[in-house]
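Let's walk through this one together, starting with how far to trust it and then moving to a strand and an interface.

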Amino acid sequence: MRTKRFVSVFAVIALAVGALTLAGCGQSTTSTPGGTPAAFTGAALVGAGATFPGPVYSQWAQSFVKVEPSAQVNYQAIGSGGGVQQFISKTVDFGATDVSLIASETAKVSTPFIQFPTCLGAVVVSYNLPAVTTPLKLDGATIANIFLGKITKWNDPAIAALNSGVTLPATAIQVVHRADGSGTTSIFTKWLKGQSPDWASKVGAGKSVQWPTGQGGNGNAGVAASMKQTAGSIGYLELQYALSSGLPVASVKAPDGQFVVPNVDSVAKAASDLSFPITETTSILDSKVAGAYPISSTTYILIYTDQTDQAKAQTLVDFWTWALTKGQAELGTLNYAPLPDSVAKASVAELAKITVNGTAVTPSAVVK
Amino acid sequence: MSEVSQSPRTEHDAETPVRRRLRIGDSVLSGTTVLISVGLVALLAALLWVLEQGAAPAFMKYGLNFFTSRQWDPVNDRFGALPYIYGTVVTSTLAILSALPISVGLALLLNEVRSRLLRNPLTVLVDLLAAIPSVVYGLWGLFVLAPFLNRYLAPALGATLGKLPILSALFVPTPAVGNMLNAGIILAIMIIPIITAVTREVIATVPHDLREAAMALGATRYEAIRMAVLPHARSGIVGATMLGLGRALGETIAVSMLIGNGLGISASLLAPGYTIPAIIANEFREATSTGMQHSALLALALVLVAIALFLAAASRLLVRRSERMGS
């Protein structure tokens, strides 16, 4: 009898769960863009690559359907490395990468292509010190020494010298870094490498590095969770994540000696002197522009210029033209920084190089 | 068979269609099982072959150093597996040591207790625990279990066991949220349902005669369990433990969320560590194709398979030896 009752309890639970799941599915199908396949006549684009701009590209893809209902853009955030590989093997319509193509990769690309930035982001140094209410100021050498494990207490003279007037506690510093390979780590370590010869020789830069100290968290969320649970912790997060996490962020010393607070404006300034064409050495780290946040980064799209499918080429040009103009307005809500106007215009000019069997493709009227 | 041969004619005639059908059924069954078992072996061989192909460059380049080096430096292309092997073995051992007594006790309780009021809900709960996805364990562990353990258990252990001469090295406190102790405990919670469920079934098969005989000789209930039930169920319990160990060794996401993912080897269980599945899951997606990182991760996977096979073989040997000594 009892078993029967348990069976019936299980059945009820199973039904409830099933109903909830179905309800959830129903919602997601109705909210999915392009949910009316019957009306779909345009080209579907497939792109793959960097995880960093993933939220932006999905948002753009959703909004673009309202502009051009026949277009479907499918972006897979598989990582910059995978994006470049798929671009080279021509299995996607566009590739996305956080690091501009290096010479050895460019050599593998057989036909001409364009490379342009789409949006800006930054890596932010965040910390958990309940006793300190004034935002901390840090410079490159100090941050490098903290992450090298050489500075172990918050009241270290090096930190105190940068923050006169702030009473620093004698708490031990607990470093939290990303455990998963990520573009965020790549940008952060690349910047540290330029700041400290010690960092360059002992650790270097990459998507995953041999951290001399600390513990690793999974993704921005994992790092933030570990930081919130540990008083005295320091870590690095993507701009958009740090600003919404509620953790305090440090101002970082720019090359001109000024301390710059990371926000959408200071990151945009860093990109204002970006020049085309994009090459292996293109970088907006440590920008010389006044008021620019030093650990800023951009992310790139790769497209072949010689297209063969008219519908696909038209959608490619339309989508990216729209993203670089009207789409930029949507970046603020996602806490990415929009491109400076001059850079956005130059990127649109790059798109004009796309041709179908030799004929140039002009953007449709709807995206202008 | 002997009966058939003694009265061949009549039975042969009467049962021919049935027996023929049976014989067809037999051959179909044996054919399918052979096919499946060969397929299974082939699958394992294919898996090992692929891993070996991918891992070969790393083994060729680093040789035995791969097993003894503490370096894991994707930037300079230097890779060593020791910290990951250490972390995997320590957390799995910790998990088994804490889960086994609880599971066997729970299995005994579920078998011996007459009251259905206690038994049925407990059985359902244990089975439910087994059905919870590991990522949910990980989330719960990160936001609930880890803060609790770090606030209460770690200081308590440090103040008691940490004061003893040799054990003190195991409980040197660190401020890290994630550590090997937390990972071991979440693993223990995850494998308790598996070990309990299998052990419960094994104990249920112990003949009642044995228990009754022990009781008739004047044994108490505890003595009957210890002398009659547990020895009879021993190989089954070892098998259950192996299943649990298999899950503990291979568990990825929950461990990665709780262990702290710290490089290096520390004697203290309260320091961050790293396991083989965790590093593979963390780094594989963005592993560089130019250097050895990709190959080193596949080599780690091969090492994990080797550890699992070694432990399975060792436990079989242990059972056989203890059975021989017991009889």
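Where in chain A is confidence lowest, and where is it highest? The lowest mean, 46, belongs to α1(A), and the highest, 94, to helix α5 (residues 140-148) of chain A. That score is pLDDT, the predictor's confidence in each residue, from 0 to 100. This is a predicted model, so local features need pLDDT of at least 70 and side-chain atom pairs count only at pLDDT 80 or more, while totals for chains, interfaces and linings use all residues. Residues are numbered from 1 along each chain as its sequence is written, with chains lettered from A and ligands numbered from 1 in the order in which they are written.

Chain A has a mean pLDDT of 83, with 88% of its residues at 70 or more. Over residues 15-40 of chain A, though, pLDDT stays under 50. Where pLDDT is low, the predicted coordinates should not be read in detail.

Now look at strand β11 (residues 296-304) of chain A (strands are DSSP E runs of at least two residues, helices H or I runs of at least four, numbered from the N terminus). Nine of its nine residues are buried, meaning 20 or more other C-beta atoms, placed from the backbone, lie within 10 Å of a residue's own. β11(A) pairs antiparallel with strand β3 (residues 94-97) of chain A over three bridges, and nine bridges join β11(A), also antiparallel, to strand β4 (residues 113-128) of chain A. Pairing takes at least two DSSP bridges. Tyr300(A) is the bridge partner of Thr97(A) and of Pro117(A).

Finally, the contact between chains takes 30 residues from chain A and 29 from chain B, counting C-beta atoms, placed from the backbone, within 7 Å. On the chain A side, α9(A) gives the largest share, four residues.

Note on methods. Contact = placed C-beta atoms within 7 Å. Buried ≥ 20, exposed ≤ 12 C-beta atoms within 10 Å, placed from the backbone.
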